[in-house]
Each structure stands twice: as C-alpha cells, then as structure tokens.
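Me: Please take a close look at the contact between the two chains. I would like one connected account of which parts take part and how the copies are related.

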Number of protein chains: 2
Amino acid sequence: MACMKTKPRILTGSLDRSYPPLPVDYVNIIEKHFEIVYHKDFEKDPDHFQDISAVLWRYGPSIDEDLLNKLPNVKIVATVSVGYNHLDIPMIRNRGIKLSHTPNVLNDAVAEMGLTLMLASARNLVRFTEEYKDGAYPERAPVNDVTPQFSGSTLGIVGMGRIGYTLALQAKAFQVKILYHNRTRKSTAEEKAIDATYFSSLNEMLPHCDFVMVLVNLTPETTHIMGAQQFKLMKKTAILANCSRGQTVDQEALVKALKAGDIGGAALDVVTPEPLPKEHELFKMPNVILTPHISSQTRKTRCVILKRLRLPTAPPIDRSVFSIFIITNC
Amino acid sequence: MACMKTKPRILTGSLDRSYPPLPVDYVNIIEKHFEIVYHKDFEKDPDHFQDISAVLWRYGPSIDEDLLNKLPNVKIVATVSVGYNHLDIPMIRNRGIKLSHTPNVLNDAVAEMGLTLMLASARNLVRFTEEYKDGAYPERAPVNDVTPQFSGSTLGIVGMGRIGYTLALQAKAFQVKILYHNRTRKSTAEEKAIDATYFSSLNEMLPHCDFVMVLVNLTPETTHIMGAQQFKLMKKTAILANCSRGQTVDQEALVKALKAGDIGGAALDVVTPEPLPKEHELFKMPNVILTPHISSQTRKTRCVILKRLRLPTAPPIDRSVFSIFIITNC
C-alpha cells in the first residue's frame, strides 16, 4: 500500500454503461505507473479522491464541469479515441487542463476497415455468406447474381486527413480513381502520389463516385454533411461508407434514399445512436452492412502502440499519460 | 427460320442441374452469330443437331466421349471459366477439337475477392454484422473483442500466376510482406515490383505466414496441396483463403485443423462439393467465411469482356467463339 501512495491516481470508467472492464494487459501496464480509480468507486466518495491527476476517457466517464469541479488537481484529460467530439474542448482548456487523443496510431486499422466495408459491400459478401449458410444455393445458384466491383471504380473521399490518405493509397492499388473533398487541398506532390482530383465542392464531386467514403472529423460544419441533397446527387448504384462518426450522415435521409433507390447501398461502422437498436430498419435492408464501431479494434494497432510506450520510472503527468492513453486505445 | 439456317449452331446448358438460363443480354449477343441449342432439346433428338459446330460450357453440358461422338462437326469447346479441370483436355485435343477458356479477364475481380475474403476474415466482418443484427451489443459491447489486422502482416501466395500477381500488387498497398510459392520463380523485376520472396518449398514458407492465399490451377500435383501437414506448419493464428478450386485443399484435414486450433480461420470461395450442403460443419464454425464461388462474378468483368468483343459479321468458328465464351463468363 505504501508503494501505491507514490503513484499518481488516474480516473477511468463509466457509471451508466456496463462496458467491459479494461483488459488485464492494460491494467498491468497502467498500474506500473498509476493507481487506477474506477468511476463507480470515485462517485461513492469523491472527496477521498481529490488528488486524482489524470482522467482516462474510455467509453466514460462523462467529462463535464460537475466532474472537473470535483477534481481540482487534474492536469490532463485524455481520450482513447482519435475523435474528440465527445469532449467540451474549450471548457477543459479554460481550466488549464491538457488534452490528448490518439491520432495516427489507428490509421492502418481504420483505413483497412474502410476498404473491407467497401469491398464487402461491392461484392455482397454478407448476403452471399448468409444465403449460402441458409442453403439458398442448391435451388438458386447465384451464377447470374452479378455484383459491382471495387477495382477500376471511382472513389470519393470526404475528409482527406491521415486516415483518408492511407485509405487512398490502398484504394489506388485496385486501380481506383480517387476524388476527394476536404477543407484544404493537399500539396501537388501528395495529390500526385495518389493521382487524386480535388473538389472544393462536395456536391460537384458526388455525381462521379461509385463509392463515397466519409472520414471527416465530427464538427458542427460536418454534422449531416451527407444528407438528402447529397444522396440525390449520388449515382443510383453508388455505395456510401462511413468510418467517421454516425452524425456526419443524416441517417433519416439515408434510410429514405436507400428505400427510394437513390443510392445502391451503405456500409457503416458508425451510426446514430450506438449501438443501433436491433429493431432499426437499417438492419433489415439487404444492401446495408453494419458493424459495431470496430474500425480501430485490431491487435496490431495495440502492438504498435505498446512499442511506442516510453515511460520514465517516475512519470511526469504529460507525455506519459498521453502514452498510456494511446495504449488503452480500443 | 431461313436466317437461322445461315448461322452455326452452338450447344450449351446442363441437363442434370437447374442452373438459371443464360441472361437475356448474352442470349441477344450470341444469337447475333449463332443459333443456340440447349442441351435438354439436344438430348431429345441428337441426330437432328449433328451440324452443331461449337460447345459452350457454362455449368454444363458434361463434355465426355459420349457427347462428342454425337457431335461429329464440333470444331471448338470453350469453357466460360478460367480453370479447365472439368474438361478432359487430351481426349478433346485428340479429336482435333480446339479449346478455349477465359484467362486474364477475371484477374481484377478474383484478386479483389481474395482481398475481400482476407480482410473480412481478419476483421471478423461477418460475425460482427451477424451479432450486431442479433442485438448482441447492448449487453456485450465488442470493445475488447480485438481482431487480427491485414495491414502490415505477412501473406503467403500459393500459385503466383496472373491472379496471384494482381492480388500481390493490391496487398502491397497494405504494407503486407509478400511470400510466394510457385512452380517457376518470377523474374527479378517482377519480384522487385511487389517486393516478394520466393520459396521453392511450400512447407518452408508456411510458418512465416499470417495469411495463406491459394490460387493454383487444379492439377494432379496441386490436389490437396494444402493438407494436414501444411496446416500443422501454419501459425495458430493464420488464416487460410482459397479462391482457386475446392480440391486444392484437403477439406477433411482443414476441418480437423480448425477444430484443433492449428490455424486461426478460413475464408473460402471454393469448397468440395459445390454447393456445400447446408449441414456441413464448416458452416457452423464462427471463424470460417464461405462464399458460393462468386470470385469472378462482377458486372465490371462483363463490361470489360463486352468491350473486347470483336465479332465479324460472318464469324469464323474460332476467335469469335472464343470471344463469345468470354462474354458469357460468370
């Protein structure tokens, strides 16, 4: 117990949702440097934990003024995610608290999940596996059931950040024509490497695309960036994929567009709300693939992350916490 | 009817299986140049069809000595597939009959299906979609359900022909290390373009692979090229993918290896027999993805094929038939 006292305390966990606990591997690593305080214990007696110096957001806790008022010694709030739309950035910064998130470490995993979703959607993978399992093919051989193809198609990337660029490099190997819409245009060299065409207007890009991949950060400007008007501009055969945040897509408009046949299908790792209720009509559409927000969830991502860990024995609360927050990213 | 007489006759179709008829588009194209004779009509009165000059294999008919004895004027037998293991090549050649198949036109479609299967298997796509649809995640959020990753892994390609090479180029964009086993080694330039390492011994290659992709032609030498011994040599986490022919894999040994945990999973577009009976235990394994032999089944493949069509008005029976056989490839 004496040993525990020498370590700074870190608050993590969620009260209102029964997410699984931290994996043992991560607990072991974090406990080398911190005493972990779970939110449910903190809530019972906040005064006892006034010395907590870091908050690790991993599907909780909700980081609002009420919480931070109870934590006068917190120096950093870190989220295990790339996105930080769930954090009130100005409020946290105004208190002199540092912030960290986990850019770049997830690029490969998220980009390949984007490819996986587009390929699986193009080739009707889920439907074929389900029907095959259900014994549909002794009677109804699928030999005339032709599908779209990803190779040689035109892909429009909405949001050309780090993940978008990694995805573009992967798509390029399938002889895919890359179009992109982004706030800022890439350099000529970067564009050339992926042979990409820039569209300052999203609406002008959409009619050309066989696949549209949404990878923007969620901000007020990107909320519902894909809405009714956009779906009308897409090809009737085009597939919408989303690995960003559910709210970037106007989901009601998407359901209508799918029903009306305005677009060909959708492949979504993110939706609104998450998890999507079992009864939701998107689950019933044969041309929709839904995964439960698992784009970054690979073992390799964590291995890369663990290798990046360089913790001093007595960690200063800044970079070390950042590293630990990267470790626990899932 | 007079017009019909001027066209050569082409035999197609299967008696014993109720595969769907030729799509109307293809019938229209073929009928510009041929009178189509379906096998079921032929069988009723073979003597009436002695002038048939071509046979188009599309899931039938069975091209055996008995059939060819009834077709004294056949000049060409063409299969709509790349593989031709279902044809008795020496027997057909000995009769002076030409043969055609459809190499190259399917490379992109089959290679991308190979990538689709490996990515979907790595990222547990089918299981995640099924469980999400079944409402598994309100209770059991998948946040600790980490998966393998394709990016940055090591891929062993068994059979580095045209499709294998296309697939290697695609995989390379995911920073994948390419190993390959093939009868003949590629040129230094070809190897360099995909940064590939050659193994003359399949067994020496297997222990290094995270993914093993089978793309060999089916021959007596490649039958069961992946068997019990090979599965024992693979990593316990490795995923086997097959887009060649079911018989290249010893399926009983595969089932045993999966049950014993000798390998991590399988993603198979081809099996033995096809279609696989609904009751087969492969359908019950959560780490197995099965698609019903649809690797080449994309609309784009057919578009490419249609563009290649260069039929003279009065077709000589050789290249034109070849072209038509490419058209109908599915």
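Reply: Two residues are in contact if their C-beta atoms, placed from the backbone, lie within 7 Å. The model is predicted: local features need pLDDT of at least 70 and side-chain atom pairs count only at pLDDT 80 or more, while totals for chains, interfaces and linings use all residues. Residues are numbered from 1 along each chain as its sequence is written, and chains are lettered from A, with ligands numbered from 1, in the order in which they are written.

On this basis, chain A and chain B each bring 54 residues to the contact. On the side of chain A that touches chain B, two or more residues come from each of helix H6 (107–122), helix H7 (125–133), helix H8 (162–172), strand S12 (288–290) and helix H13 (299–308) of chain A. Here helices (H or I, at least four residues) and strands (E, at least two) are DSSP runs, numbered from the N terminus. H6(A) gives the most to this side, with 8 residues. By class, the side holds 31 nonpolar, 13 polar and 10 charged residues; Ala, Val, Leu, Ile, Met, Phe, Trp, Tyr, Cys and Pro count as nonpolar, Asp, Glu, Lys and Arg as charged, and the others, Gly among them, as polar.

As for symmetry, chain A is superposed on chain B by a rotation of 180° with 0.0 Å of shift along its axis (RMSD 0.1 Å). This is the relation of a two-fold axis. The fit is by least squares on the C-alpha atoms of residues with pLDDT of at least 70 in both copies. Of the interface residues of chain A, 100% are also interface residues in chain B, so the copies meet through the same surface.
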